[in-house]
Amino acid sequence: MVETVAAPVLAGAERSLQMEYAIRDVVLPARELEKQGHKVLKLNIGDPCAYGFQPPEHMIQALYDAARDNANGYTASEGDPLFVDAIVRREKRRNGLDYAPSDVLVTTGVTEGLQLLLGASVRPGDEVLVPGPAYPPYDSLVRYFGGTPVHYRSLEDEDWQPDVDDVRRRITPRTKAVCLINPNNPTGALYTEPVVKEFTDLVGEHRKQCFLVSDEIYDEMTFDGVQKASAAVAPDVPMVTLNGMSKVYLVPGWRLGHMLWNDPAGALSEIKAGVLKAARNRLCANSVCQRAGAAALDGPQDHIAQVNATLKERRDYTLKRLDGIDGISCARPDGAFYAFPRIDGLEQGPWRDDMEFVLDLLKEEKVLAVHGSGFDAGSGAGHFRIVILPDLGTLEDAFDRLERFMARRLGDAA
Ligand code: PLP
């Protein structure tokens, strides 16, 4: 949905005007309904805090302590050494990886990390392979820097595992980077270790021209299996891992992320130099949050298992309910906090596409989801994304409304 802009006096830049962010686009019509006094059940926001989850108390205390101890100044552009060292320790502890502090760059969220990385690597005409479907900034940022995002297939029948053969087919001499998002947004897919191995090996075969971008922001948020870090599976493949505190540590508004450089042969040295130059130009990430981030990584981790147990229960309930609704089916998410149901009844219903479906659901039942085509016009079409974050009572209400909506609208069209 493109925002209408008053008749321009000065021309705007195409690269910004083309940017879209499906997840926030659907919020405008929902706000209109709220202004009219309707209560909207929001299943669209990938923010645990919006659904009552809270970071553990020791993180809040550490944030307060940091401000009181006057850690309020700028930090080094690469990050506060206290936080950097905590990230290095965390990687050793969780993934058995030996990063040096110089392999770490602290960013204002994974989103800034992605922006810095693509800005330093994508040249006009370059292609970047992105999962189909994927978190929207992957597409829009590649385009912003003059490159072309190319979606590779994910296999819905296999709970949205990436199709490595399709990745192989889509690598061309112009491919500069290949992105993996594990667990994935919007599908909730947790990639199996053999698939990660096959995928990373494939990128390794092409190491003279491209590198791997591994987004692991949901790494500890899994329900049945355990996420395996790409760098642990393929330590010799040139890659940059993106991670952060927004999801697992429940503080998306703190805007804390980091990049990990895994580059044994020095293939990425120029790209890294560009990232560091750009990082200096934006000064640093939030200072007090970095201190609290260090406390989070070094402190008790109990909240992670608690959150996962809660989400697992909500995931199971979501699948049970969706399974019982005619015209809807859903692959099983094993991580993150999303489900990506398929609208099997799209053709039988009155809707032209998934966007119309989502707007109709909003208008009729006041349930807000995100249209699947916002995550990839190809593979995302005919789907919608919901979060499994709300409590069971809210989910029950939302699925009752969805069930009623499908029965009525498919009935109308019959
Ligand atoms: N990467 C993925 C796959 C995401 O789903 C999100 C947020 O939804 C982000 C990155 C954004 O992370 P951050 O809050 O660290 O910018």
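Helices and strands here are DSSP runs, at least four residues long for a helix (H or I) and at least two for a strand (E), numbered from the N terminus. With that settled, keep in mind as you look around that this is a predicted model.

Let's start with the whole thing. The protein chain carries 15 helices and 16 strands. Its C-alpha trace spans about 60 × 55 × 50 Å along the principal axes. What radius of gyration would a compact globule of 414 residues have? The answer is near 22 Å, and the protein chain comes in at 21 Å, so the two agree. Contacts tell you about the fold too: taking those with a separation of 6 or more, 75% are between residues 24 or more positions apart.

Now for the surface. Of the 414 residues, 56% count as buried. About 17800 Å² of the protein chain is exposed, with carbon and sulfur atoms supplying 51% of that area. As for charges, there are 46 positive and 61 negative ones, and their mean positions sit 3 Å apart.

Next, zoom in on β7, residues 175–181. This strand is mostly covered, with seven of its seven residues buried. Which strands does β7 pair with? One is β3 (residues 127–131), which runs parallel to β7 and is joined to it by three bridges. If you want a spot to check, Glu-127 has Thr-175 of β7 as its bridge partner. Another is β8 (residues 211–215), again in the parallel sense, this time over five bridges. There, Ala-177 is matched with Phe-211 in β8.

Follow the chain out of β7 and you enter the loop that leads to α9 (193–205), where you'll find Pro-183. The peptide bond from Asn-182 to Pro-183 is cis, with omega near -10 degrees. Pro-186 is found in that loop between β7 and α9 as well. A cis peptide bond joins Asn-185 to Pro-186, here with omega of about 20 degrees.

Further along, there's a small patch of sheet to look at. It is an open sheet of three strands, in the order β12-β16-β15, and the pairing is antiparallel. β12 (338–339) and β15 (370–371) are the edge strands, each pairing on one side only. Strand β16 covers residues 384–387, and two bridges join β15 to β16 in antiparallel fashion. Val-370 stands opposite Arg-385 in β16.

Two backbone oddities are worth a stop on your Ramachandran plot. Ala-336 has a positive phi of about 55 degrees, although it is not a glycine. You'll find Ala-336 in the loop between β11 (328–329) and β12. Is Ala-336 buried or exposed? With a relative accessible area of 0%, Ala-336 is buried.

The other is Lys-366, whose phi is near 60 degrees, a positive value in a residue other than glycine. Lys-366 lies in the loop between α14 (354–365) and β14 (367–368). Its relative accessible area is 14%. Buried means under 20%, so Lys-366 counts as buried.

Notes
Residues numbered from 1 in each chain as written. Predicted model: local features only at pLDDT ≥ 70, side-chain atom pairs only at ≥ 80, totals over all residues. Heavy atoms only, no water. Rg over C-alpha atoms; globule rule 2.2 N^0.38 Å. Buried < 20%, exposed > 50% of the residue type's maximum accessible area, 1.4 Å probe, protein only. Contact = heavy atoms within 4.5 Å. Areas by Shrake-Rupley, 256 points an atom, 1.4 Å probe, with all protein chains shown as cover. Lys, Arg positive; Asp, Glu negative; His and termini not counted. Charge placed at Lys NZ, Arg CZ, Asp CG, Glu CD. Pairing = 2+ DSSP bridges.
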